[in-house]
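Please work through the exercises below with the sequence and the coordinates open beside you. Each task is followed by a solution that proceeds step by step.

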Amino acid sequence: MLKIEENVSLLPYNTFGIEAKSKYFARVCSNRELIEVLTQFKNTPTLLLGGGSNILLTHDFDGITVLLSSKGIAIQSENKKHAIVTVQSGEVWHDFVLWALNNNLGGIENLALIPGSVGAAPIQNIGAYGVELNAVVESCQTLNRKSLQRHEFSNKECQFGYRTSIFKTQLKDQHIITQVTFKLHKMPHSLECSYGAIEQVMEAKPKTIQSVAEAVIAIRKSKLPDPKTLGNSGSFFKNPELTNAQFTILQNQYPEVPHYIINPAQVKIPAGWLIEKAGLKGYRIGSVGVHDKQALVIVNYGKATGIEILQLSKHIQSEIKNKFDITLEPEVNII
Ligand code: EPU
């Protein structure tokens with residue numbers, strides 16, 4: 001039964017470990033409960049939370065926080081090459097990766113250990129180590145927040161891009177993803193091991209989805225702080241995409257700048273490299289800082305407030321603007 005709580009601390013529900021209170025709070029485990037809470041609180045500001053791994057809370061929330069907790073993973077159909085799998089949005093992303101590994105289904109092994117929930121994953125098209133979610137999404141099932149009608153978006157209709165989708169742009173805040181349908185690969189499946197660090201960790205090991213996932217987990221653990229011990233939200237900024245002209249200026253000054261060519265007109269460069277070059281890696285002010293092993297991650301050393309984290313992110317943005325004339329855009333949603 002749907003339970004509405006009052007004055008609930010959101011500290012356990014955001015990986016930055018920020019203390020902020022929500023006036024009302026509900027954990028929903030089914031579409032029916034979701035519709036019930038949205039109907040009851042129709043005119044109240046609503047904050048939807050999945051794994052809470054991509055948000056920065058900067059103040060108490062004077063509305064209702066809805067924690068999307070529906071669970072379930074099911075194979076809908078399969079043939080010799082693929083399995084079509086539906087996953088409820090409240091499943092923990094990494095649990096789904098483990099499920100796929102146990103069932104010998106490939107396609108998401110490079111995305112092991114990414115924090116967050118399955119329902120949040122398509123919104124920013126999560127990606128790591130040469131693979132993005134859009135490669136395996138068949139469709140997303142949603143509920144329109146206003147009309148409460150159900151919809152289905154095919155992969156194409158999701159308009160996936162680098163850390164973006166239609167749910168972050170045109171339809172921002174309009175749909176709630178309730179279930180994601182994946183097309184996973186049966187073995188043999190071609191593995192993506194070209195990312196330098198994976199090649200090094202794997203060395204002569206047999207190449208299986210399990211060994212790729214183990215390599216990814218080892219790399220992530222060595223670079224990225226565990227939110228359970230050091231509050232963080234993964235990459236705070238997106239990697240900026242430069243025009244060729246902008247990139248040439250940067251490369252003339254720093255011939256060593258790492259980069260990836262996206263298309264003939266654009267080059268993506270790692271924001272972590274820029275932040276490190278600006279001398280901010282390991283920088284700390286009070287309870288907040290730039291992680292000392294991966295400069296793209298902002299960490300909460302203890303009792304940081306959301307405002308302190310926001311201020312540090314603004315400081316980083318202005319240093320990067322001054323030094324390189326490049327604008328860094330947050331990847332994290334700031335509430
Ligand atoms: N780099 C530095 N200094 C740093 C960090 C990175 O010089 O402090 C350089 C590295 O040496 C390397 C390059 O930047 O040459 C890329 O670094 P890395 O492989 O760590 O990847 P990234 O571009 O910083 C992205 C994703 C991560 C994902 C990794 C691995 C974004 C915004 N971030 O980071 O995703 O795990 O690639 O594929 O695209 C996340 O979104 O939360 C996240 C962690």
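The exercises that follow concern a predicted model, and they move from the domains to the ligand and then to one residue.

**Exercise 1. Domains**

Task: State how the chain is divided into domains, and describe the contact between domain 1 and domain 3.

Solution: Begin with the domain assignment of the chain, which gives domain 1 (4-68), domain 2 (73-222) and domain 3 (225-334). Next, take the C-alpha centres of domain 1 and domain 3, which lie 28 Å apart. Finally, turn to the residues that make the contact, where domain 1 contributes ten residues and domain 3 contributes 17 residues.

**Exercise 2. The shell around the ligand**

Task: Determine where the ligand lies with respect to domain 2 and domain 3, and which secondary-structure elements supply at least two residues each to the shell around it.

Solution: Start with the residues themselves: there are 23 around the ligand, of which Tyr129, Tyr162, Tyr195, Glu276 and Ala295 come nearest. Sorted by class, the shell comprises eleven nonpolar, six polar and six charged residues. Then assign residues to elements, which shows that β8 (127-128), α4 (209-223), β13 (231-235) and α6 (271-277) each supply at least two residues of the shell, with α6 giving the most, namely three residues. As the last step, consider the domains: because domain 2 (73-222) and domain 3 (225-334) both give residues to the shell, the ligand lies between them.

**Exercise 3. Polar contacts and burial of the ligand**

Task: Find the distances from ligand oxygen atoms to side-chain N or O atoms of Arg163, Asn239 and Gln294, and then state what share of the ligand's area the protein buries.

Solution: Apply the cut-off for a polar contact, a pair of N or O atoms within 3.5 Å. For Arg163, a side-chain N or O atom is 2.9 Å from an oxygen atom of the ligand; for Asn239 the corresponding distance is 2.8 Å, and for Gln294 it is 2.9 Å. Turning to the area, the ligand taken alone exposes 810 Å², and the protein buries 82% of that.

**Exercise 4. The setting of Ile326**

Task: Decide whether Ile326 is buried or exposed, and identify the residues that it touches beyond four places away in sequence.

Solution: First locate Ile326, whose place is in the loop between α7 (306-324) and β20 (333-334). Its relative accessible area is 6%, and because buried means under 20%, Ile326 is buried. Then list its contacts, leaving out residues up to four places away in sequence: Ile326 touches Pro240, Leu242, Leu250, Ile269, Leu274, Ile320 and Lys321. Lastly, take the pair Ile326 and Pro240, which are 86 residues apart along the chain while their C-alpha atoms are separated by 7.8 Å.

Key:
Residues numbered from 1 in each chain as written. Predicted model: local features only at pLDDT ≥ 70, side-chain atom pairs only at ≥ 80, totals over all residues. Heavy atoms only, no water. Near = heavy atom within 4 Å. Polar contact = N/O pair within 3.5 Å; in protein donor to acceptor, adjacent residues only side chain to side chain. Areas by Shrake-Rupley, 256 points an atom, 1.4 Å probe, with all protein chains shown as cover. Helix = DSSP H or I, 4+ residues; strand = E, 2+ residues; numbered from the N terminus. Nonpolar A, V, L, I, M, F, W, Y, C, P; charged D, E, K, R; others polar. Domains from an automatic or database assignment. Buried < 20%, exposed > 50% of the residue type's maximum accessible area, 1.4 Å probe, protein only. Contact = heavy atoms within 4.5 Å.
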